[in-house]
Amino acid sequence: MSASSPFDLVGFQFLPGYFDRQAQSALIDEIRQIVATAPLFRPVMPRTGKPFSVKMSNCGPLGWVADRSGYRYQPHHPDTGAPWPEMPGMLLDLWNQLAPNSASPEACLINFYQSNAKMGLHQDRDEQDFTAPVVSVSLGDTALFRLGGHERKSPTRSLKLQSGDVIVLGGDARLSFHGIDRLYPNTSSLLTNGGRINLTLRRVTSPAFD
Ligand SMILES: O=C(O)CCC(=O)C(=O)O
Ligand SMILES: [Fe+2]
């Protein structure tokens with residue numbers, strides 16, 4: 001791998017098989033309970049109103065939403081108005097393992113991909129502070145992940161993310177462009193009806209000085 005590969009960015013970590021099958025099932029049980037009270041919704045692109053191909057929900061004190069007025073974090077579900085459900089302990093443990101020096105995560109975005117869903121190349125930059133990494137868990141069908149650099153036109157590399165894999169975008173990789181090009185349907189039996197769930201943990205606000 002050449003030194004200019006985005007996979008060599010300091011702060012990018014790929015942890016294949018981080019969660020074993022039993023842990024993956026336990027996570028799915030948690031997600032089922034979360035979406036029972038915070039139902040999946042389909043966000044739309046700001047201005048154009050074009051629907052996303054993924055459906056979303058959140059847990060934790062803040063949730064990421066997108067609608068005609070923009071992208072933002074808010075403490076309540078856009079349809080029900082209820083606070084987001086608590087973040088499961090398993091995800092707090094994951095954060096403590098992989099981001100031990102960062103303030104606690106405030107948002108866990110739940111992305112649900114059906115077989116034809118994808119996510120265009122983007123940066124995660126709606127947070128106030130980029131010191132903490134983004135920690136992301138893949139569950140269900142395999143997906144083709146693309147990672148680039150700090151500019152949209154930077155060279156990219158692709159990586160297949162399988163159920164149980166975890167990636168970390170921290171340090172120099174925190175603001176790297178990334179996206180999901182496609183799913184590989186029927187590659188996992190974790191979700192009864194197929195598809196993929198991605199959990200993305202983020203710190204949103206700047207930790208208070210003390
Ligand atoms: O589904 C994924 O693996 C990536 C999700 C993502 O980049 C995001 O929600 O910002
Ligand atoms: Fe992202």
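How many helices and how many strands are there in the protein? I looked this up before anything else, keeping in mind that the model is predicted, and I found two helices and 12 strands.

**Overall fold.** I then followed the elements from the N terminus and wrote down their order as β-α-β-β-β-α-β-β-β-β-β-β-β-β. For the dimensions, I took the box that the C-alpha atoms fill along the principal axes, which comes to roughly 50 × 45 × 40 Å. I also checked the radius of gyration, which is 16 Å for the protein, and this agrees with the value near 17 Å that a compact globule of 210 residues would have. Turning to burial, I noted that 36% of the 210 residues are buried. Among the contacts with a separation of 6 or more, I found that 76% join residues 24 or more positions apart.

**Annotated binding site.** I went next to the UniProt record, an unreviewed entry, whose "binding site" annotation covers Trp64, Tyr71, Arg72, Tyr73, Asp126 and Arg152. These positions are spread over 89 residues of sequence, and in space they are spread too, with up to 23.4 Å between C-alpha atoms.

I looked at two of the annotated residues in more detail. Tyr71 lies in strand β4, which runs over residues 70-74, and Arg72 lies in strand β4 as well. Is Tyr71 buried, exposed or partly exposed? I counted Tyr71 as partly exposed because it has 14 C-beta neighbours inside 10 Å, and for Arg72, with 14 other C-beta atoms within 10 Å, I likewise entered partly exposed.

For contacts, I set aside the neighbours within four places in sequence, and Tyr71 was then in contact with Pro46, Ala66 and Asp126. With residues up to four places away again left out, I found that Arg72 touches Val65 and Asp126. Asp126, which the annotation also covers, therefore appears in my contact entries for both Tyr71 and Arg72.

**Ligand 1.** Which residues lie around ligand 1? I listed Leu109, Asn111, Met119, Asp124, Ser136, Ser138, Phe145, His178, Ile180, Asn198 and Thr200. When I placed this shell on the strands, I saw that at least two of its residues come from each of β5 (107-113), β7 (134-140), β11 (178-184) and β12 (196-202). I closed the entry with the make-up of the shell around ligand 1, which I recorded as four nonpolar residues, six polar residues and one charged residue.

Conventions
Residues are numbered from 1 along each chain as its sequence is written. Chains are lettered from A and ligands numbered from 1 in the order in which they are written. This is a predicted model: local features need pLDDT of at least 70, side-chain atom pairs count only at pLDDT 80 or more; totals for chains, interfaces and linings use all residues. UniProt positions are given in the numbering used here, feature names are shortened, and annotations may be inferred rather than shown by experiment. Helices (H or I, at least four residues) and strands (E, at least two) are DSSP runs, numbered from the N terminus. A residue is buried if 20 or more other C-beta atoms lie within 10 Å of its own, exposed if 12 or fewer, and partly exposed in between; C-beta atoms are placed from the backbone. Two residues are in contact if their C-beta atoms, placed from the backbone, lie within 7 Å. The radius of gyration is taken over C-alpha atoms; the globule rule is 2.2 Å times the number of residues to the power 0.38. A residue is near a molecule or strand if its C-beta atom, placed from the backbone, lies within 6 Å of it. Ala, Val, Leu, Ile, Met, Phe, Trp, Tyr, Cys and Pro count as nonpolar, Asp, Glu, Lys and Arg as charged, and the others, Gly among them, as polar.
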